[in-house]
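This is a walk through one model, taken element by element. Please keep the sequence and the coordinates open while reading.

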Amino acid sequence: MLSTKKNISNSFKILLIIGFGYFFWLMLKITLEYIPLKTDVSFLMIKQTEVGQRSEYLYFFYTHVYTSIFVLLSGFLAILRKDFGLKNFHKNAGKVYIFLILFFSAPSGIYMGIFANGGILSKISFVILGCLWWFSTFKAYQFARQKKFKEHKQWMWRSFALTLSAVTLRMWKVIIVYLFHPNPMDVYQIIAWLGWIPNLLLIEYLIAKKHI
């Protein structure tokens, strides 16, 4: 029985790594579209008003895009809780993850949320997402400093669930557009909330059931 459970656990981890690798590759492709500092590709094509009228917008945008890809990778490596034969690898990956979110990715994400497409509902959602992302990451940092590692782990999972909103948001967008063909601005209003709330609810359920 124990051997069977271990095999299932190992198989799940392998599938998790493969799944993450695929979506990380997709996110990396999106990030590379903006190198070198292009302003007329992908998402920025529909943000020309902000690009033209707000000189600081591109600084926040590039900060968010370029750091978030490293946040995604370092967060996943930290969540795996493995050192891979390297001393303090888990700890250092966690430090990179926390530092980037607290000082770069979350603040820039909050700023961008203020100018999100889809009207006031989308703006509110993305600003809340950015604030919760910063707060959950900070709590994970606090508990690590206090050596309360159970609480640290739970808050890291909350933080990473919000990090994954970059992936799940795009997944929901593809599904909704394919099934319902809604107005583009309506899509933004829906995925702005759908991109992160189910992630967080799932983690809260797993914590409540003591799986995390």
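The paragraphs below cover helix packing, an enclosed cavity and two backbone details of this predicted model.

A good place to begin is the pair formed by α5, residues 119-145, and α8, residues 184-194. The axes of these two helices come within 8 Å and cross at roughly 20 degrees. Angles under 35 degrees count as roughly parallel, so α5 and α8 are roughly parallel to each other. Their crossing is left-handed. On the α5 side, the contact is made by L121, S122, I124, S125, F126 and I128; on the α8 side, Y188, Q189, A192 and W193 take part. Sorted by class, the residues of this contact comprise 7 nonpolar and 3 polar, with no charged residue.

The next two contacts share a helix, α6, which spans residues 149-163. One of its partners is α4, residues 89-114. The axes of α4 and α6 come within 12 Å, and the crossing angle is roughly 60 degrees. Roughly perpendicular begins at 65 degrees and roughly parallel ends under 35, and α4 and α6 are therefore oblique to each other. The handedness of this crossing is left-handed. From α4, the residues in contact are Y97, I98 and I101, while α6 contributes M156, S159, F160 and T163. The class count for this contact is 5 nonpolar and 2 polar residues, and no charged ones.

The other partner to consider is α3, which covers residues 57-79. Here the axes lie 10 Å apart, and α3 and α6 pack at an angle of about 145 degrees. This crossing, too, is left-handed. The α3 residues in the contact are V71, L72, G75, F76, A78 and I79, and they meet M156, W157, F160 and T163 of α6. By class there are 8 nonpolar and 2 polar residues in the contact of α3 with α6, again without a charged residue. M156, F160 and T163 of α6 thus appear in the contact with α4 and also in the contact with α3.

What lines the largest cavity? The structure holds 1 cavity of 30 Å³ or more, and about 60 Å³ of space lies in the largest cavity. Its lining consists of A78, I79, R81, H90, H152, K153, M156 and W157. Both α3 and α6 supply at least two residues each to this lining, and α6 gives the most, with 4 residues. Several lining residues have already been named: A78 and I79 of α3 and M156 and W157 of α6 belong to the contact between those helices, and they also line the cavity. The lining includes charged residues, unlike the contact of α3 with α6. By class, the lining has 4 nonpolar, 2 polar and 2 charged residues.

Two backbone details remain, each placed in a loop. P36 sits in the loop between α1, residues 2-32, and α2, residues 48-53. The peptide bond joining I35 and P36 is cis, with omega at about 5 degrees. Further along, N88 is located in the loop between α3 and α4. N88 is not a glycine, yet its phi is positive, at about 60 degrees. The two helices that this loop separates, α3 and α4, are those whose contacts with α6 were described above: α4 at roughly 60 degrees and α3 at about 145 degrees.

Conventions
Residues are numbered from 1 along each chain as its sequence is written. This is a predicted model: local features need pLDDT of at least 70, side-chain atom pairs count only at pLDDT 80 or more; totals for chains, interfaces and linings use all residues. Side-chain values use heavy atoms; hydrogens and water are left out. On a 1 Å grid over the protein atoms alone, a cavity is a set of points where a 1.4 Å probe fits but cannot get out, and a pocket is an open set with protein on both sides within 12 Å along at least five of seven lines; lining residues have an atom within 4 Å of a point. Grid points are joined across faces, edges and corners, and a volume is the space filled by probe spheres set on the points. Ala, Val, Leu, Ile, Met, Phe, Trp, Tyr, Cys and Pro count as nonpolar, Asp, Glu, Lys and Arg as charged, and the others, Gly among them, as polar. Axes are lines fitted to C-alpha atoms, for helices over the stretch in contact, and angles run from 0 to 180 degrees between N-to-C directions. Angles under 35 degrees count as roughly parallel, over 145 as roughly antiparallel, 65 to 115 as roughly perpendicular and the rest as oblique. A crossing is left-handed if the near helix is turned anticlockwise from the far one by less than a right angle, and right-handed if clockwise. Contact means heavy atoms within 4.5 Å.
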